[in-house]
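Please look through the sequence and the model below before reading on. The paragraphs that follow take up charged side-chain pairs and then a sheet.

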Amino acid sequence: MDDADRQLLRRCRVRLVSELQVAPLWDVLLSRELFTPGMIEDIQAGSGSRPDQARQLVIDLETRGRQALPLFISCLEDTGQTSLASLLRTSSQAAKQDPKAVRPLDPIPVVLGPVDLKREELRMAKQYPSKPIPGKLTSEVPRPEDIGSGGVSDVRAQRELRRNADVAYVLNADPCGYCLIINNMNFSSGLSTRSGSNVDCEKLTHRFRLLHFSVEVKCNLTSKQMVQALMELARRDHGALDCCVVVILSHGCEASHRQFPGAIYGTDGCPVPVEKIVNTFNGTSCPSLGGKPKLFFIQACGGEQKDPGFEVASTSSKDRAPGSNPEPDAAPFQDNPGNCDQPDAISSLPTPSDIFVSYSTFPGFVSWRDPNSGSWYIETLDRVFEQWAHSDDLQSLLLRVAHAVSEKGIYKQIPGCFNFLRKKLFFKT
């Protein structure tokens with residue numbers, strides 16, 4: 001689905017959720033092959049009330065290809081919901097005549113750092129970001145080279161932090177916990193083979209074993225098999241363990257979300273939302289991991305945009321190997337996803353805690369992978385963990401990874417994370 005249709009659906013979502021009658025739609029959606037039987041069953045099972053089912057249907061509609069909106073309008077007309085059909089058709093035609101009529105939702109700015117700033121102070125903060133504003137508190141993010149200098153006092157401070165259960169998670173169990181790696185390389189749905197992913201998988205298998213995790217690897221899983229593997233892990237008793245790690249290596253795409261952006265493709269070409277993956281391990285679904293850190297590392301594209309970067313005073317090409325030809329892990333929304341089940345996103349979830357989700361790239365952008373040496377993100381993650389996991393906490397490690405990956409290649413990439421941890425996390429080395 002193109003961006004204009006997606007934005008249109010989001011702007012009309014309140015009225016659609018309020019008025020859409022889903023019961024007469026199911027058969028029509030099936031006959032037009034807009035949804036599969038499994039997808040409809042998931043919506044009905046996961047969302048009890050009519051408004052919840054309508055909301056999930058509209059969200060899932062965004063993943064059903066370029067013709068999804070006109071087909072959905074026809075379904076509305078066939079079921080006598082002419083007012084909603086007219087709303088969508090009129091809005092769609094207006095958008096084609098005037099693209100500004102349906103524009104992306106305006107983002108709400110979140111100011112991190114200076115607080116309670118007046119208009120002039122905000123202007124100065126944007127224009128001179130490195131200049132402190134008198135009387136205002138700012139959050140300082142250390143540069144990667146400033147973290148963990150390795151001095152005696154530095155080492156002593158890190159040891160004290162590790163022992164303080166009030167500020168750092170305690171990882172005393174051996175093994176610390178389970179580490180599940182899902183490595184999707186070969187796809188039956190027309191998506192390209194992810195050459196080099198086996199290199200990533202081998203590196204992380206070795207790395208997390210050294211970090212005292214019990215590592216399990218599952219390769220080439222369909223979307224259903226991915227969900228089953230995650231649920232099987234979540235149902236285990238983690239009572240005697242201190243942590244849990246999930247690594248997913250696959251193609252990815254953009255997806256509607258409430259908490260965590262993006263979706264990961266199974267080998268059948270059906271996407272599993274990241275927030276469904278993460279929330280399989282929340283306090284309700286996995287009580288034995290309650291209060292314990294749950295870490296997710298995702299090597300997949302967040303979209304299809306390629307970032308050419310912007311010019312700075314000096315650039316480095318040292319990370320671009322001669323003759324290398326990096327590939328993206330992007331996969332667009334598909335026009336004909338085939339007859340397969342697409343797991344639905346959970347509509348209502350408790351606030352996540354003790355969760356850390358690390359993405360290989362910024363939402364909406366591709367993630368680069370070299371067929372010979374593996375992905376930029378995993379290669380760097382492994383190297384940083386090898387050099388610094390003995391001294392740095394997880395956030396500092398990922399800051400180093402982001403800094404190193406951002407300097408690679410002609411097209412650019414920068415990893416990011418969603419952090420809901422309550423304490424610092426130091427790996428057991």
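How many salt bridges does the structure hold? The model is a predicted one, and the structure holds 13 salt bridges. Side chains of opposite charge can pair when their charged atoms come close. Three of these pairs are taken in turn here, together with the burial of their residues.

One of the salt bridges brings together the side chains of R13 and E62, with a distance of 3.4 Å from N to O. The two residues come from distant parts of the chain, 49 residues apart, since R13 belongs to helix α2 (residues 13–19), whereas E62 sits in the loop between α5 (50–61) and α6 (68–78). E62 counts as buried because its relative accessibility is 2%, and the cut-off for a buried residue is under 20% relative accessible area. The R13 and E62 pair is also part of a wider arrangement, in which salt bridges that share partners join R6, R10, R13 and E62 into one network.

A further salt bridge is formed by D78 and R32, whose closest N and O atoms are 2.8 Å apart. D78 lies in helix α6, while R32 lies in the loop between α3 (25–31) and α4 (37–46), so this pair ties together parts that are 46 residues apart in sequence. With a relative accessibility of 48%, D78 counts as partly exposed, and R32, at 32% relative accessibility, also counts as partly exposed.

In another salt bridge the side chains of R236 and E232 meet, with 3.0 Å from N to O. Which of these residues counts as buried, and which is partly exposed? R236 counts as buried, at 19% relative accessibility, whereas E232 is partly exposed, with a relative accessible area of 36%.

The sheet can now be followed strand by strand. Strands of a sheet pair through backbone hydrogen bonds, either parallel or antiparallel. In this model there is an open sheet of three strands in the order β4-β5-β6, and the pairing is antiparallel. Because β4 (252–253) and β6 (271–273) each have a single partner strand, they stand at the edges, and one side of each is left without a neighbour in the sheet. The antiparallel pairing of β4 with strand β5 (residues 263–265) runs over two bridges. To locate this pairing at the level of residues, the reader can start from C253, whose bridge partner in β5 is A263.

Notes:
Residues numbered from 1 in each chain as written. Predicted model: local features only at pLDDT ≥ 70, side-chain atom pairs only at ≥ 80, totals over all residues. Heavy atoms only, no water. Pairing = 2+ DSSP bridges. Helix = DSSP H or I, 4+ residues; strand = E, 2+ residues; numbered from the N terminus. Salt bridge = Lys/Arg side-chain N within 4 Å of Asp/Glu carboxyl O. Buried < 20%, exposed > 50% of the residue type's maximum accessible area, 1.4 Å probe, protein only.
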